[in-house]
Structure formats: C-alpha cells, structure tokens
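Trainee: May I ask for a close look at the way the secondary-structure elements are packed and paired here? A connected account, with the criteria stated along the way, would be most useful.

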Amino acid sequence: MKKTSLVMATLAAFALSGCGIHAPGAMALQRAAVVATAKADPARFFANSAIERQAPEAFALQPEAHDSLQEIESSVKPARDALITAVRKDKVLAAQVAGFDKLSWDAQVPVIKQVVALEAKVMGFQAPPLVIQEGPNQIPSFFEFDVAVGGTGKVILYPASIAQEADKFAALMLAVHEVRHSGQFQLSQARNGGALGRGFKAAFKAQHDLKGKLSFCDFCSLLNEYEAFQAGNYVVGTLTNWQADQRDMGCLSSQYDAKGQAKIDLWKLSAQVGPAKLLEAFNDAEKPQFGGR
Ligand SMILES: [Zn+2]
C-alpha cells in the first residue's frame, strides 16, 4: 500500500478548512484528488493576495501581521528554545525523542505525552486534553475547539492514520504542532494577548470563514498554522539532529535546514523587501516546493 505523505495530510487539512475546525461530512474527501488539484493548479498552491486581504491580520504575509511576526521572533522563538533545553535536561526523555522513530506506537505514546506536557509548561499555557482515537480516519491529528466555549480545546491523535505516515517522527511533530494550537487559542482569548493574540484570533476565524477558498500557501501562512508548523519542525528537528523529515510539514517558511535556519525566513524577507511586498517575494521563494514532489 502506498504510504500517505504529510503534504497530503496538510492539504487534506486545508481542504477540511484547517486542522482547527470540524467539518462533519467532509471526511469523505479524497486526499489524492485534493493534492492533485493543488499541485496541478498554481492558484491552488501559491498565496493569493485577494483572499488574504479579506482577513489581513490572520495571514503572516500581510502587512497587518507585521507586529505578530515580531512577537513570534521576540517571545515565541525563545520559548521554543527553552522547551528544547527542558527536554534535554531529562536525559532519558531526550534519548527517547532522538530514537523516537525506532519505538513502537505503545512506547511512543508516553514520550509524546511527556514532551507536550513540557511544551505547555515551558511555553506558558494550560495543557489541553490529549485523546488517542482508535479507528480509521483520513487525517493523522486534529485540534478541536469551539470559539463560543473557549478554554484549552482538545488535541486528537489517530494512530491508524499516523501508522501510514512515511516519516516515523511524524507523530511527535504533529503532537507538538497541535498542542501549540491550544496555546495559540488560549492566547487569542487572553485580555493581554497582544498583537499575536489578536493575530491568532483572526487566523482561527479566517480558517473557518474562508473555508474552501484557501490555497495551500494561504493555509500554511495563516498565523496559527505558520507558527505551529514552525514549532513542531524546529523543536523535533533540533532534538533529533534534523533526522525528522519536515519536507511535507507546511510551507518553506515553517521548515529548517540542518543548521536550524528557516528555509524562507519571513522576518528577514520582510525587512529586505518591505511588508507590502512580502507575499510576492514569498511566492517567488516557494517555487521549489511547488516544483518538488
Ligand atoms: Zn495546524
């Protein structure tokens, strides 16, 4: 059987209007068809200004998100490094993370639970419930939340779908990603959440309101997806000496080289070209991912 890839998971997630929104009935979507459509049509792959201008605070590529990008640089990035330091302080856990790909699912689960508990503690938010859902599903992981209810939301992992992933670090990268969504969701509700709290709030809303209209790059440029993909890729990448395969995990702006440098550094790119030309410059830098597998 052909292994599913995470770009398929990502594309399926955006087709389902994002990993943050339940869309009953939409699970029947054929992921292969979704992928083929996006890869065959540049409009379904690259970022679209006309779409993103409908919710400019929600997208990392828009000038209105400039303050949010700055807060990711100044506060979220150091918190990711603090998480890495905290995992490394626990020598047993650090070794289990480094060899995560060789563990059975039953042995992976307690490692995932320890890492995401540290993630919430070190990055400063309340840990969401983590549910392991047996049975078939088309996506490997999900963040479930309700804006009307608030709180932490809930992270769901689907082991049957995770078992189909080609990369055996995927479960850990996705768990860190989904738990970040809980932290973002909590910040979006905070009175003193700052520009980033407002940006995340706009992103969760846009994910719902622009359902079905987002291209692949629009989806992974939503502030919440951009930052969650960065967190999963950077934290697990660093802790595994860059063995974890991030190539299908979000846009190049959320992926890193073996030195831990972002493949597209949006903050630096914005400083170079100016916030008003960021989307155009980003699309140009995304061409290798469109041309790739
Ligand atoms: Zn996500």
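Mentor: Let us begin at helix 13 (residues 266–273) and helix 14 (residues 278–285), whose axes cross at roughly 125 degrees and come within 9 Å. Axes here are lines fitted to C-alpha atoms, for helices over the stretch in contact, with angles from 0 to 180 degrees between N-to-C directions. Helix 13 contributes Leu 266, Leu 269, Ser 270 and Val 273 to this meeting, and helix 14 contributes Leu 278, Ala 281 and Phe 282. Contact requires C-beta atoms, placed from the backbone, within 7 Å.

The model is a predicted one, in which local features need pLDDT of at least 70 and side-chain atom pairs count only at pLDDT 80 or more, whereas totals for chains, interfaces and linings use all residues. Numbering starts from 1 along each chain as its sequence is written.

In the protein chain as a whole there are 15 helices and three strands, taken as DSSP runs numbered from the N terminus (H or I, at least four residues, for helices; E, at least two, for strands). The chain has 293 residues, of which 47% count as buried, that is, with 20 or more other C-beta atoms within 10 Å of their own (12 or fewer is exposed, in between partly exposed). Among contacts with a separation of 6 or more, 67% involve residues 24 or more positions apart.

A second helix pair is formed by helix 7 (residues 105–123) and helix 9 (residues 170–189), which pack with their axes 10 Å apart and at an angle of about 35 degrees. On the helix 7 side, the residues that meet helix 9 are Gln 108, Ile 112, Val 115, Val 116, Glu 119, Ala 120 and Met 123. Their counterparts in helix 9 are Ala 171, Leu 172, Ala 175, Val 176, Val 179 and Gly 183.

The three strands belong to an open sheet with the order 1-3-2 and mixed pairing, where pairing means at least two DSSP bridges between two strands. Strand 1 and strand 2 are at the edges, each with a single partner strand, so each has one side without a neighbour in the sheet. On average, neighbouring strands of the sheet are turned by 20 degrees against each other, direction ignored. Helix 9 packs on this sheet, where it touches strand 2 and strand 3, and its direction makes about 10 degrees with that of strand 2.

Strand 3 (residues 154–157) deserves closer inspection. Strand 1 (residues 130–132) runs parallel to strand 3 and is joined to it by three bridges: Val 131 has Ile 156 as its bridge partner, and Ile 132 has Leu 157. Strand 2 (residues 141–144) runs antiparallel to strand 3, with four bridges between them, and here Phe 143 stands opposite Val 155. The side chains of strand 3 alternate: Val 155 and Leu 157 point to one face and are buried, while Lys 154 and Ile 156 point to the other and are not.

Returning to helix 9, we find Ser 188 within it. Ser 188 is buried because 23 other C-beta atoms lie within 10 Å. Beyond its neighbours within four places in sequence, Ser 188 is in contact with Gly 193, Gly 197, Phe 200, Lys 201 and Phe 204. The C-alpha atoms of Ser 188 and Arg 198 are 5.9 Å apart in space, the two residues being 10 residues apart in sequence.

Key
Two residues are in contact if their C-beta atoms, placed from the backbone, lie within 7 Å.
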